[in-house]
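Me: Hi! Could you walk me through this structure, starting with the ligand?
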Amino acid sequence: MKNICAIGVGYVGLVTGACMADLGNRVVCLNRNQQKCDNLKKGILPIYEPGLEEIVQRNLKAGRLSFTTSYDEAMEDAEFVFVAVGTPSGDGGEADLAHVEAAATAVAKRIHQPIIIVNKSTVPIGTGDWVAGIVRGAMPDPNIPFWVVSNPEFLREGSGVYDCMNPDRVVLGSTNREAAKRVAALYYPLHAETIITDLRTAEMIKYASNAFLATKISFINEMSNICESLGADVKEVARGMGSDSRISPQFLGAGIGWGGSCFPKDVKALAHMASTHGTHPQMLRAVMEINRDQRKRFVTKLRHILGGFRGKTIGLLGLSFKPNTDDMRDAPSVEIINLLLYEGAEIKGYDPVAMENARRILGDTVTYCQDPYEVAEGADALMLISEWNEFKQLDMERIKKSMRRPVLMDGRNIYDPRRLRELGFTYRGMGRGYDEAGQPR
Ligand code: UDX
């Protein structure tokens with residue numbers, strides 16, 4: 001059992017803190033918001049993440065997990081400090097390190113015993129060295145040893161607990177191999193492949209991994225556009241490609257593209273780092289451009305079908321950036337809604353869990369509905385935005401009857417084009433080729 005302080009209670013901080021406690025460590029999670037902290041002490045989470053509430057409550061009860069707003073309290077026994085604070089995009093796309101700097105300073109001031117600072121936030125290459133400098137400058141007793149280890153987190157929202165407990169690999173970067181090994185020991189029960197490297201390389205692994213996944217999606221989206229022009233079905237193409245073990249079927253889902261709290265911010269930050277260090281990130285720029293275009297393309301297709309949006313009612317199924325999360329950060333829905341509103345459409349929408357967050361961003365520009373059937377009522381078109389399971393087996397006959405015009409835009413290619421055509425829908429997926437009559441589907 002080790003004593004761990006985890007700073008930040010977002011997806012990474014809370015999932016890591018709770019999982020570390022579940023592995024038998026004593027974890028104090030720190031955040032500066034009193035209300036959030038009070039709620040967490042009662043087991044009420046600030047985020048929606050399947051399975052996390054149970055782990056938090058179980059470990060609260062067992063006394064291994066606690067929450068505080070006080071650095072003094074959090075640092076009292078800490079042997080490891082996990083830094084998992086936000087690194088939002090700055091004006092030029094660079095990662096904003098204000099929270100990392102504040103955390104490093106606050107930790108440094110309270111170092112009273114040897115400590116390992118484990119950075120889990122996605123930070124620009126070189127931040128580990130920079131943090132070490134801040135800590136060195138701010139600690140009261142410069143003779144106490146401390147080490148900085150970069151330990152990027154690869155969890156996905158919606159399956160964060162599973163990903164944290166079943167990592168494909170644990171990446172640890174440090175100037176001190178012994179320190180990295182001590183962090184590796186915390187993950188020992190997970191039996192994951194462990195990669196120990198230097199600080200900058202570990203930081204780069206995180207960016208390169210996210211950029212690669214985003215590239216894979218933009219690649220298949222470009223293929224989907226080509227498929228659309230040439231009459232091939234991108235779903236079958238992805239299946240055919242993905243069964244080559246060198247390619248793998250994952251992240252080959254064509255659609256309206258990637259959003260969320262990581263890919264957009266990290267690809268932008270990596271491109272920014274490249275260009276400010278004399279490298280032209282031409283592929284990363286294309287990856288971002290394809291992703292932006294994909295959202296517009298979805299709207300353009302519908303415009304062609306409806307002949308414009310003025311006076312039309314468009315229903316959106318799913319508002320979060322992907323299923324199983326309430327996260328609306330860089331959600332394609334927001335840009336799509338803004339495009340539609342600009343051209344005079346009325347918007348109705350429904351999401352299984354993201355309605356409250358959506359309301360915060362979109363206000364009353366959207367009529368929020370109780371379920372997909374209410375969204376469909378009187379709509380001129382439905383747009384499937386995020387592929388929640390509950391949208392996969394809808395009563396399509398009922399939906400068709402209640403719509404003003406049965407148009408279904410499938411932004412994630414979850415429906416069978418032939419079946420929907422048979423039911424009388426005008427269906428459009430993303431890159432689904434031609435139907436028997438040579439019409440796009
Ligand atoms: C991602 C990384 O997967 C994770 O390793 C990292 O730690 C954080 O960023 P996350 O943003 O939670 O995780 O979700 P992810 O499942 O990767 O999806 C990201 C976006 O890509 C979503 O908008 C999703 O809809 C989209 N996506 C994903 C596709 O468009 N097609 C796919 O095939 C897969």
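Reply: Happy to! A term to start with: a polar contact is a pair of N or O atoms within 3.5 Å. Keep in mind that this is a predicted model. Here an oxygen atom of the ligand sits 3.4 Å from a polar backbone atom of Glu153.

Me: Which other backbone N or O atom lies 2.9 Å from an oxygen atom of the ligand?
Reply: That one belongs to Leu155. There is also a side-chain partner: a polar side-chain atom of Arg412 is 3.2 Å from a ligand oxygen atom.

Me: And how much of the ligand does the protein bury?
Reply: The protein buries 90% of the 660 Å² that the ligand exposes when taken alone.

Me: How many residues surround the ligand?
Reply: There are 19, and the closest are Phe154, Leu155, Glu157, Gly253 and Lys322. By class, nine residues of the shell are nonpolar, six are charged and four are polar.

Me: Where does the shell come from?
Reply: Domain 1 (3-197) and domain 2 (212-428) each give at least three residues. Helix α9 (residues 199-230) supplies the largest share, three residues.

Me: Switching topic: how many disulfides does the structure hold?
Reply: Zero. Take Cys29, which is in no disulfide: its nearest cysteine sulfur, that of Cys5, is 8.2 Å away, while a disulfide needs two cysteine sulfur atoms within 2.5 Å.

Me: Is Cys29 buried or exposed?
Reply: Cys29 is buried, because its relative accessible area is 0% and buried means under 20%.

Me: What about Cys227, buried or exposed?
Reply: Cys227 also counts as buried, with 8% relative accessibility.

Key: Residues numbered from 1 in each chain as written. Predicted model: local features only at pLDDT ≥ 70, side-chain atom pairs only at ≥ 80, totals over all residues. Heavy atoms only, no water. Near = heavy atom within 4 Å. Polar contact = N/O pair within 3.5 Å; in protein donor to acceptor, adjacent residues only side chain to side chain. Areas by Shrake-Rupley, 256 points an atom, 1.4 Å probe, with all protein chains shown as cover. Helix = DSSP H or I, 4+ residues; strand = E, 2+ residues; numbered from the N terminus. Nonpolar A, V, L, I, M, F, W, Y, C, P; charged D, E, K, R; others polar. Domains from an automatic or database assignment. Buried < 20%, exposed > 50% of the residue type's maximum accessible area, 1.4 Å probe, protein only.
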